[in-house]
Amino acid sequence: MTIMPARKRIALVAHDAMKPAIVAWAKRNREVLSRHELFGTGTTGGKVAEGAELEVTRLKSGPLGGDQQLGAMIAEGRLDVLIFFTDPLTSMPHDVDVKALTRIATLEQVVMACNAASADFVIASDMIDAEYEPREEEAAHAR
């Protein structure tokens, strides 16, 4: 685990039914998000960039490898926060990739939010603009 920099590397992801919600959330939090480095999968990244007028590095669509790209970034210590607005009532063909993404994020102590309420708590925290060093003894998996 590495120290999270003050300028966080934040991924913004949303299942299809949740894309309008993540765009609305990003608009409300534009000021804070603009201070950080943003990544987004496929359509979500484009919609957030356009709708919230933010600079977002776009990856592939989730089902076409975007979730795996995010997982690789986490494994390499290049992502600090995962904001993933999930649609728990709709089965996705790439659910196995989503499960792998949340597994590696948990193991690597990446901050995760899965809806607007949890994302609000993350973005409103004083820690969002400060360095943070995860505690090894509190890791989900003994190394």
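Contact here means heavy atoms within 4.5 Å, and the arrangement described below is that of a predicted model.

Under this criterion, helix H5, spanning residues 95–107, lies across S4 and S5. The helix runs at about 150° to S4.

The strands beneath this description belong to an open sheet of five, ordered S3-S2-S1-S4-S5, with parallel pairing. Strand S3 (56–59) and strand S5 (111–113) occupy the edges; each has a single partner strand, so one side of each is left without a neighbour in the sheet. From one strand to the next, the twist averages 20°. Within the sheet, S1 and strand S4 (residues 81–85) run parallel and are joined by five bridges. Ala-11 stands opposite Leu-82 in S4.

The largest pocket has a volume of about 200 Å³. Its lining comprises 16 residues, of which Ala-14, Asp-16, Lys-19, Ser-61 and Pro-63 are the closest to the pocket centre. Two or more lining residues are given by each of two elements, strand S1 (9–14) and helix H3 (42–52). The largest share, three residues, comes from H3. By residue class, the lining of the largest pocket divides into eight polar, five nonpolar and three charged residues. Strand S1 thus appears in two settings: S1 is joined to S4 by five bridges, and S1 also gives residues to the lining of the largest pocket.

Definitions and conventions:
Residues are numbered from 1 along each chain as its sequence is written. This is a predicted model: local features need pLDDT of at least 70, side-chain atom pairs count only at pLDDT 80 or more; totals for chains, interfaces and linings use all residues. Side-chain values use heavy atoms; hydrogens and water are left out. On a 1 Å grid over the protein atoms alone, a cavity is a set of points where a 1.4 Å probe fits but cannot get out, and a pocket is an open set with protein on both sides within 12 Å along at least five of seven lines; lining residues have an atom within 4 Å of a point. Grid points are joined across faces, edges and corners, and a volume is the space filled by probe spheres set on the points. Helices (H or I, at least four residues) and strands (E, at least two) are DSSP runs, numbered from the N terminus. Ala, Val, Leu, Ile, Met, Phe, Trp, Tyr, Cys and Pro count as nonpolar, Asp, Glu, Lys and Arg as charged, and the others, Gly among them, as polar. Two strands pair if DSSP finds at least two bridges between them. Axes are lines fitted to C-alpha atoms, for helices over the stretch in contact, and angles run from 0 to 180 degrees between N-to-C directions.
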